[in-house]
Amino acid sequence: MQKIILVGKPNVGKSSLFNRLARQRIAITSEISGTTRDTNKAKIDVEGKSCLLIDSGGLDESSELFKNVKFKTLAEAKNSDIIIYMVDGKMPPSDEDRAIFYELCKLNLPIALVINKIDSKKDEQRAWEFINFGVKEIFETSVSHNTGIDELGQWIARQLKNDAIKADESEDFDDFLENFNDEGELESDENFEDRHIRVGIVGRVNVGKSSLLNALVKDARAVVSDVAGTTIDPVNEIYEHEGRIFEFVDTAGIRKRGKIEGIERYALNRTEKILENSDIALLVLDSSEPLTELDERIAGVASKFNLGMIIVLNKWDKSQTEFDELVKEIKDRFKFLSYAPIISVSALGKKRIHKLYPLILEVYKNFTQKIQTSKLNEVIEEAVKTHPIPREKGKSVKIYYAAQFGFAPPKIALIMNRPKCLHFSYKRYLINKLRQNFELSGVPIVLAPKKRGESDENEEQ
């Protein structure tokens, strides 16, 4: 797929243009210089042609961190097909902008100069000063007022090859068909084997999430620094492994609420949005440090979205604790994640990273599986026979039958005479029985007691 990269100094409007072209709010935008520190990617459709749009970090050398950002941006530009160089139209042309622009021209790629923030006649007059860049393709835009964007889009479309593949329409696991065939089995048009596996990487600051992403995709994809809170924008990367497509998203590290500063507040909200649209969460813990209350809170945030879950003990080469001992502590403190497999890795040393891929595939298979209706009812009947449902105020509580009504994760309806009388502890008992009889490692189970004809509400995990 052809790549278009947005390049320019900090705070010229690259992330705003990225969001405008992607037609959704993906990149975080703010008045704070250096908000975007990693490249951010999105598939977009331009006049029927698909391409990959890349929002890069600002070109700045004010610190070692931003020098690293600049290096990554220029390296990404060399691997792109079209370059859009943005400047701030409210500022006069700078020698630094001109030098970088000329350097990019040497790549012999289609390149356009976008003069942004042209909001008045005075700005239009100032824009003429950029004519000395000597480029034919100049566009005056105001992203905030959506002016000049159509002309830029038409130019982009002309640069894209005609054989570009149509962009895939977005899919959602909740868009399944709740239909059953004549045998009582749930049918769905969702093809889980061909779609991307969406994996969110979460954890507190400096546990090694960005290093883990880089190790998984075998590339320095995310900026890694000892500065806590380096990752602000979610960093996404699509990677193919043994014929399957994985979409990893490295989210911003989460701090204690009192220590969240500036643009990190935007990042915290964005992290939850990423989890909401993921299939599996990799909860990264620093095994070289004691577990914290914040680790537990982050685990709770991840679990509320009913994702597949894998706990990743990073920095294992620095750990002073025995694996079994640490697993026991995690099981005790994260009881609500008792179903999640635990794996130890060293992201920086790339040790045991290769074991994560088969584990993700196993959890994803469990996450999207269709349980045979007859077998499901056998397990439920046997569970009720072994441990009958307690009566409610002298009245019997019965389960007539069970049926799976959804995937990702498995959603099980219990058709009953008194669904509100099924005690929470008994639901847990049934869930444990389901885990004993089906491959459900790493997967939450949604249990929904209801009457005949009742909608799928009051779901319990």
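**Exercise 1. Take stock of the whole chain.**
How many helices and strands does the protein have, and what share of its residues is buried?

*Solution.*
Step 1. Count the elements: the protein has twelve helices and 17 strands.
Step 2. Turn to burial. Of the 461 residues, 54% are buried.
Step 3. Look at how the contacts span the sequence. Among contacts with a separation of 6 or more, 69% join residues 24 or more positions apart.

**Exercise 2. Check the confidence.**
What is the average pLDDT, and which stretches fall below 50?

*Solution.*
Step 1. This is a predicted model. Its pLDDT averages 80, and 77% of the residues score at least 70.
Step 2. Find residues 163-184: here the pLDDT is below 50. Beyond near neighbours in sequence, this stretch has 50 contacts in the model.
Step 3. Go on to residues 256-267, where the pLDDT is also below 50. That stretch has 19 contacts in the model beyond near neighbours in sequence.

**Exercise 3. Lay out the six-strand sheet.**
In what order do the six strands of the open sheet stand, and which are the edge strands?

*Solution.*
Step 1. Read the order: 2-3-1-4-5-6. The pairing is mixed.
Step 2. Find the edges. Strand 2 (40-46) and strand 6 (138-140) each pair on one side only.
Step 3. Add the twist, which averages 25 degrees from one strand to the next.

**Exercise 4. Work outward from strand 4.**
Are the residues of strand 4 buried or exposed, and which strands pair with strand 4?

*Solution.*
Step 1. Take strand 4, residues 82-88. Seven of its seven residues are buried.
Step 2. Sort the residues by direction. Ile 82, Ile 84, Met 86 and Asp 88 point one way. Ile 83, Tyr 85 and Val 87 point the other way.
Step 3. Move to strand 1 (residues 3-8). Strand 1 pairs with strand 4 in the parallel sense, over five bridges. Gly 8 stands opposite Met 86.
Step 4. Move to strand 5 (residues 111-116). Strand 5 runs parallel to strand 4, and six bridges join them. Asp 88 has Asn 116 as its bridge partner.
Step 5. Follow the chain from strand 4 to strand 5. The path goes through helix 3 (residues 95-105), and this β-α-β crossover is right-handed.
Step 6. Continue to strand 6. Strand 5 and strand 6 pair in the parallel sense over three bridges. Leu 113 stands opposite Ile 138 there.

**Exercise 5. Place two helices on that sheet.**
Which strands does helix 3 lie across, and which does helix 5 lie across?

*Solution.*
Step 1. Helix 3 lies across strand 1, strand 4 and strand 5. Helix 3 runs at about 175 degrees to strand 4.
Step 2. Helix 5 (residues 149-159) lies across strand 1, strand 2, strand 3 (49-55), strand 4, strand 5 and strand 6. Helix 5 runs at about 160 degrees to strand 4.

**Exercise 6. Lay out the three-strand sheet.**
What is the strand order in the open sheet of three strands, and how do strand 15 and strand 16 pair?

*Solution.*
Step 1. The order is 15-16-17, with mixed pairing. The edge strands are strand 15 and strand 17 (446-450).
Step 2. The twist averages 25 degrees from one strand to the next.
Step 3. Strand 15 (residues 399-406) is mostly covered, with six of its eight residues buried.
Step 4. Strand 15 and strand 16 (residues 411-416) pair in the antiparallel sense over six bridges. Tyr 401 stands opposite Ile 415, and Ala 402 opposite Leu 414.
Step 5. Helix 11 (residues 373-386) packs on this sheet and touches strand 15 and strand 16. Its direction makes about 140 degrees with that of strand 15.
Step 6. Inspect the hairpin turn. Four residues lie between the two strands, and Ala 408 in the turn has a positive phi of about 50 degrees.
Step 7. Helix 12 (residues 424-437) lies across strand 15, strand 16 and strand 17, at about 130 degrees to strand 17.

**Exercise 7. Classify Tyr 239.**
Why does Tyr 239 count as buried?

*Solution.*
Step 1. Locate Tyr 239 in strand 10 (residues 235-241).
Step 2. Apply the cut-off: buried means under 20% relative accessible area. Tyr 239 has 18%, so Tyr 239 counts as buried.
Step 3. List some contacts beyond four places in sequence. Among them are Leu 216, Val 217, Phe 246 and Tyr 357.

Methods. Residues are numbered from 1 along each chain as its sequence is written. This is a predicted model: local features need pLDDT of at least 70, side-chain atom pairs count only at pLDDT 80 or more; totals for chains, interfaces and linings use all residues. Side-chain values use heavy atoms; hydrogens and water are left out. Buried means under 20% relative accessible area, exposed over 50%, partly exposed in between (1.4 Å probe, protein chains only). Two strands pair if DSSP finds at least two bridges between them. A crossover is right-handed if, with the strands pointing away from the viewer, the path from the first strand over the helix to the second runs clockwise. Axes are lines fitted to C-alpha atoms, for helices over the stretch in contact, and angles run from 0 to 180 degrees between N-to-C directions. Contact means heavy atoms within 4.5 Å. pLDDT is the predictor's confidence in each residue, from 0 to 100.
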